[in-house]
Amino acid sequence: MESKEDADSFTKVKSRKTQKRKLEPDGADMDTEEPVKRPQFKPLSGDKLRGPDEMRKIPVPAHRYTPLKDNWLKIFTPIVENLHLQVRFNLKTRNVEIKTCKETQDIGSLTKAADFVKAFILGFQVEDALALIRLDELFLESFDVTDVKPLKGDHLSRAIGRIAGKGGKTKFTIENVTKTRIVLADTKVHILGSFQNIKMARTAICNLILGSPPSKVYGNIRVVASRTAERF
């Protein structure tokens with residue numbers, strides 16, 4: 001009796017093979033739909049593409065007021081004439097304010113102008129910073145000497161001295177070989193250049209901070225620079 005009850009309690013399950021066989025002919029009978037055509041829209045006008053006016057503010061530290069005042073015409077001219085933006089220096093908030101207007105054509109011009117002003121505020125020459133407006137593949141990178149190695153006191157001063165070199169010789173050599181521009185501001189290091197060149201310059205500076213002699217760093221840079229020149 002118990003065996004009969006156990007047999008009744010189990011339910012028979014159909015084999016998977018039969019289910020698959022049944023599904024196959026059904027799938028074959030499905031109607032193939034025609035591919036949906038992509039909608040074609042007319043290009044947007046410049047006014048609709050531009051959207052509402054946008055503004056960027058770049059704070060100016062106290063030690064950069066005088067250089068900004070002396071070079072204001074050089075900064076003002078390319079932003080207004082080439083990028084068709086509005087720019088002013090707000091005396092209350094101590095910010096350089098850049099704003100789009102009706103004449104602004106390119107959306108990315110606001111970012112280019114902000115990077116240009118920021119590069120000058122960080123300490124780059126106007127002529128070097130102007131390359132950020134003219135070329136697309138240029139970037140700014142900043143890092144602290146203490147981010148590479150936690151140094152204090154005279155050890156920190158010596159590390160900064162190794163980066164600069166006697167009369168700025170080491171810094172100029174790294175700039176010329178890697179085709180970048182470097183600014184040393186206290187413990188901050190700012191590098192302007194293309195992605196690959198920034199990487200080379202950063203590696204060289206990090207090696208100097210960690211204690212490598214300049215002669216060894218020069219050799220490593222030249223090897224890497226020659227390899228990249230061969231690739232291109």
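1. Start with T180, which is buried because its relative accessibility is 1%, and buried here means under 20%. Bear in mind as you read that this is a predicted model. T180 lies in the loop that links α11 (169-178) with β5 (181-185). Which side chain does the side chain of T180 make a polar contact with? That partner is the side chain of T178, at 2.8 Å. If you leave out residues up to four places away in sequence, T180 touches I174, E175, I191, L192, G193, N197, I198 and A201.

2. Now look just before T180. Helix α11 has several buried residues: T170, K171, T173, I174, E175 and T178. Two of those names, I174 and E175, also turn up among the residues that T180 touches. After α11 comes K179, and its phi is positive, near 60°.

3. Next, find H190 in strand β6 (residues 188-193). Is H190 buried or exposed? It counts as buried, because its relative accessibility is 6%. Its side chain makes a polar contact with the side chain of S142, at 2.7 Å. Setting aside neighbours within four places in sequence, H190 is in contact with L122, F124, E141, S142, R181, I182, V183 and A185.

4. Strand β6 belongs to an open sheet of three strands, and the order to trace on screen is β4-β6-β5, with antiparallel pairing. β4 (139-144) and β5 are at the edges with a single partner strand each, so each has one side without a neighbour in the sheet. From one strand to the next, the twist averages 15°. If you're wondering what holds such strands side by side in general, strands of a sheet pair through backbone hydrogen bonds.

5. Zoom in on the pairing of β4 with β6. How many bridges join these two strands? There are six, and the strands run antiparallel. As a landmark, take L140, whose bridge partner in β6 is L192. L192 is also one of the residues that T180 touches.

6. Two helices go with this sheet. α6 lies across β4, β5 and β6, at about 35° to β4. α12 (residues 195-209) packs on the sheet too, touching β4, β5 and β6, and its direction makes about 155° with that of β6.

7. There's another open sheet to look at, with three strands in the order β1-β3-β2 and antiparallel pairing. Here β1 (55-59) and β2 (86-90) are the edge strands, each pairing on one side only. The twist averages 20° from one strand to the next. β1 and β3 (residues 95-99) run antiparallel and are joined by five bridges. Try picking out I58, which stands opposite V96 in β3.

8. Which helices pack on this sheet? One is α5 (residues 72-82), which touches β2 and β3 and has a direction at about 150° to that of β2. Another is α6 (residues 109-122), which touches β1 and β3 and makes about 5° with the direction of β1. So keep an eye on α6, as α6 also lies across β4, β5 and β6.

9. On to the nonpolar residues. The largest nonpolar core has 27 residues, and I79, I98, F116 and V117 touch the most other members. Elements giving two or more residues to this core are α5, β3, α6, α7 (126-129) and α8 (131-134). Which element gives the most? That's α6, with eight residues.

10. I98 is worth a click. Not counting neighbours within four places in sequence, I98 is in contact with E54, M55, R56, I58, I79, L85, Q86, V87, L110, A113, A114 and V117. There is also a second, separate core of 18 residues, which includes V145, L156, A159 and I209.

11. Last, the aromatic rings. A search of the whole structure finds two aromatic pairs. In one of them, the rings of W72 and F76 have centres 6.5 Å apart and planes at 35°, so this pair is tilted. Why are W72 and F76 separated by about one helical turn? Because they are four residues apart in helix α5. As a general rule, an α-helix has 3.6 residues a turn, so residues three or four places apart point the same way. W72 is partly exposed, with a relative accessibility of 24%, and F76 is partly exposed with a relative accessible area of 30%.

Key:
Residues are numbered from 1 along each chain as its sequence is written. This is a predicted model: local features need pLDDT of at least 70, side-chain atom pairs count only at pLDDT 80 or more; totals for chains, interfaces and linings use all residues. Side-chain values use heavy atoms; hydrogens and water are left out. Buried means under 20% relative accessible area, exposed over 50%, partly exposed in between (1.4 Å probe, protein chains only). A polar contact is a pair of N or O atoms within 3.5 Å; within protein, one must be able to donate a hydrogen and the other to accept it, and residues adjacent in sequence count only if both atoms are side-chain atoms. Contact means heavy atoms within 4.5 Å. Two strands pair if DSSP finds at least two bridges between them. Axes are lines fitted to C-alpha atoms, for helices over the stretch in contact, and angles run from 0 to 180 degrees between N-to-C directions. A nonpolar core is a set of buried Ala, Val, Leu, Ile, Met, Phe, Trp, Tyr and Cys residues joined through side-chain atoms within 4.5 Å. Rings of Phe, Tyr and Trp (its six-membered ring) pair if their centres lie within 6.5 Å; planes under 30 degrees apart count as stacked, over 60 as edge-to-face and the rest as tilted.
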